[in-house]
Amino acid sequence: MRTAYSIFLNLRMDLPKLLLCSFFFLFSILAAGNAGVHASSPHHDRRHHHHKKQRYGFRPTKLFVFGDSYADTGNVQKSVGSSWKEPYGITFPGKPAGRFSDGRVLTDYVAKFYGMKSPVAYRWIKYAGNRLRYGVNFAYGGTGVFDTLVLEPNMTTQIDFFEKLLKDLVYNKTDLDSSLFLVTVAGNDYGAYNAKGGTAKGLPAFTTSLISQLAVNLKRLHGLGARRIAVAALEPLGCLPRSTVLSSFQQCNVTQNTAVNFHNLLLNQAVSKLNNESRDSACHVLDLYTTFTTLLENKGDVSGTLKFETPLKPCCMGLSTAYSCGSVDDKGRKMYTVCNDAKSAFFWDGVHPTQAGWHAVSMALKPTLQQIC
């Protein structure tokens, strides 16, 4: 549930102005450091991690996850999360189960790639039993690096939860040596920034402070024992259905995506700096931006196995702008529609991919996931 995120993408009149005013500032920076914008591409990863051949063949046995609704598998409270309402979960597991999609999300596919079961959601840890051997998912929908507009734990607090498990000896150094840490966060921070009166003049400085705090968090995880960290770049916000609805789901908002490129440029620079300081290249960037845009432009994956005929249009959407996927009126009547085949849609709702969408993303990220270990 990227609740704050939805505000950022609600296309209020002040948002396009906010990003448009900063466009030329961002463009000048991007033009000067264009190579850095694409530093999270597969070419960058191969160049940066070619010295890690001695680890080839290693596969993590645990997954620890931090972030928002792109990774949440059941942490958000049932009373506030759309992820616990129909029709979420109709593809998997067949009913609402706390995932912001019709089925599996990024966490599930990363775990599957390495031959693991998805880690238990932290909220349900007391019922986990032997599932703790697969790690823990601390991601909460709607949250960010900083506090957002939802009363759920930000990334710093999520790391606090993880640190407590270490202090309680739930996991030890050997466990962490065989673990992968997945981080996907930041979109909701921009929604909160806008909702709290953020200005165009202050946007670049906010992005800088956001990446700075994210770097602090990554460094802290490394200090706690994380040796393999996959941090997701920000996806193309201008291509999400909440944005493309203004063009009848025909084209992305270039201005919004320019702001995202600036964010990702700073992220790649921060990750490179952390890796140089740690000397073990612990952090790797998952390039969601390029992955999303490539799949959307090609209307499917490269192999042609997955096809998305109208990639910018969501499968599930409200009957009007007053409603969204999962909405019901005061009489309990459904105020949304669902497409006939979720596998033919990349996006499930206004913000989140379908299970098929996430599957396509995970396939495209395979080279990076292979290089991590």
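Me: How many bridges join strand E4 to strand E5, and which way do the two strands run relative to each other?
Reply: In this predicted model, strand E4 (residues 179-184) and strand E5 (residues 229-232) run parallel and are joined by 3 bridges. One position to look at is Val-183, which stands opposite Val-231 in E5.

Me: And which strand does E5 pair with on the way to the edge, taking E6 as the candidate, and by how many bridges?
Reply: E5 is joined to E6 by 4 bridges, and these strands run parallel. Within E6, His-284 is the bridge partner of Ala-230.

Me: What is the order of the strands in the open sheet, and which strands stand at its edges?
Reply: The open sheet has 6 strands in the order E2-E3-E1-E4-E5-E6, with parallel pairing. Strand E2 (120-121) and strand E6 (283-286) are the edge strands; each has a single partner strand, so one side of each is left without a neighbour in the sheet.

Me: How should I read the side chains of a strand such as E6, and which way do its residues point?
Reply: The general idea is that side chains in a regular strand alternate between the two faces of the sheet. In E6, Cys-283 and Val-285 point one way, whereas His-284 and Leu-286 point the other way, and all are buried. As for what covers this part of the sheet, helix H11 lies across E5 and E6, running at about 160 degrees to E6.

Me: How do I describe the packing of two helices, and at what angle do H9 and H11 pack?
Reply: Two packed helices are described by the angle between their axes together with the distance between the axes. Here helix H9 (residues 203-223) and helix H11 (residues 254-278) pack at an angle of about 30 degrees, and their axes are 10 Å apart. H9 and H11 are therefore roughly parallel to each other, and their crossing is right-handed.

Me: Which residues of H9 and H11 meet?
Reply: It helps to recall that an α-helix has 3.6 residues a turn, so residues three or four places apart point the same way. The H9 side of the contact includes Thr-207, Leu-210, Ile-211, Leu-214, Ala-215 and Leu-218, and the H11 side includes Phe-262, His-263, Leu-266, Leu-267, Ala-270 and Leu-274. By class, the contact of H9 with H11 has 11 nonpolar, 5 polar and 2 charged residues.

Me: How do H8 and H9 lie, parallel or oblique?
Reply: The axes of helix H8 (residues 187-195) and H9 come within 11 Å and cross at roughly 140 degrees. H8 and H9 are therefore oblique to each other, with a right-handed crossing. In this contact Asp-189, Tyr-190 and Tyr-193 of H8 meet Leu-203, Phe-206, Thr-207 and Leu-210 of H9. By class, the contact of H8 with H9 has 5 nonpolar, 1 polar and 1 charged residues.

Me: How many residues of helix H5 are buried, and what do they pack against?
Reply: In helix H5 (residues 106-113), 7 of the 8 residues are buried, so the helix is largely enclosed by the rest of the structure. The buried residues are Leu-106, Thr-107, Asp-108, Tyr-109, Val-110, Ala-111 and Phe-113. They pack against strand E1 (62-67), strand E3 (135-137), E4, helix H13 (355-364) and helix H14 (366-372). Just after H5, Gly-115 takes a positive phi of about 75 degrees.

Me: Turning to loops, are Thr-354 and Leu-224 buried or partly exposed?
Reply: Thr-354, found in the loop between strand E8 (336-338) and H13, is buried, with a relative accessible area of 0%. Leaving aside residues up to four places away in sequence, Thr-354 touches Ser-101, Asp-102, Ala-342, Ala-345, Phe-346, Phe-347 and Trp-348. Leu-224, in the loop between H9 and E5, is partly exposed, with a relative accessible area of 22%. With the same residues left aside, Leu-224 touches Ile-159, Phe-162, Glu-163, Leu-166 and Leu-176. The C-alpha atoms of Leu-224 and Ile-159, 65 residues apart along the chain, are separated by 9.6 Å.

Me: What share of the chain counts as buried, and how many helices and strands are there?
Reply: The chain has 14 helices and 8 strands, and 58% of its 373 residues count as buried. Among contacts with a separation of 6 or more, residues 24 or more positions apart account for 73%.

Technical notes:
Residues numbered from 1 in each chain as written. Predicted model: local features only at pLDDT ≥ 70, side-chain atom pairs only at ≥ 80, totals over all residues. Heavy atoms only, no water. Axes fitted to C-alpha atoms, helices over the stretch in contact; angles between N-to-C directions. Parallel < 35°, antiparallel > 145°, perpendicular 65-115°, else oblique. Left-handed = near helix turned anticlockwise from the far one by under 90°. Contact = heavy atoms within 4.5 Å. Nonpolar A, V, L, I, M, F, W, Y, C, P; charged D, E, K, R; others polar. Pairing = 2+ DSSP bridges. Buried < 20%, exposed > 50% of the residue type's maximum accessible area, 1.4 Å probe, protein only.
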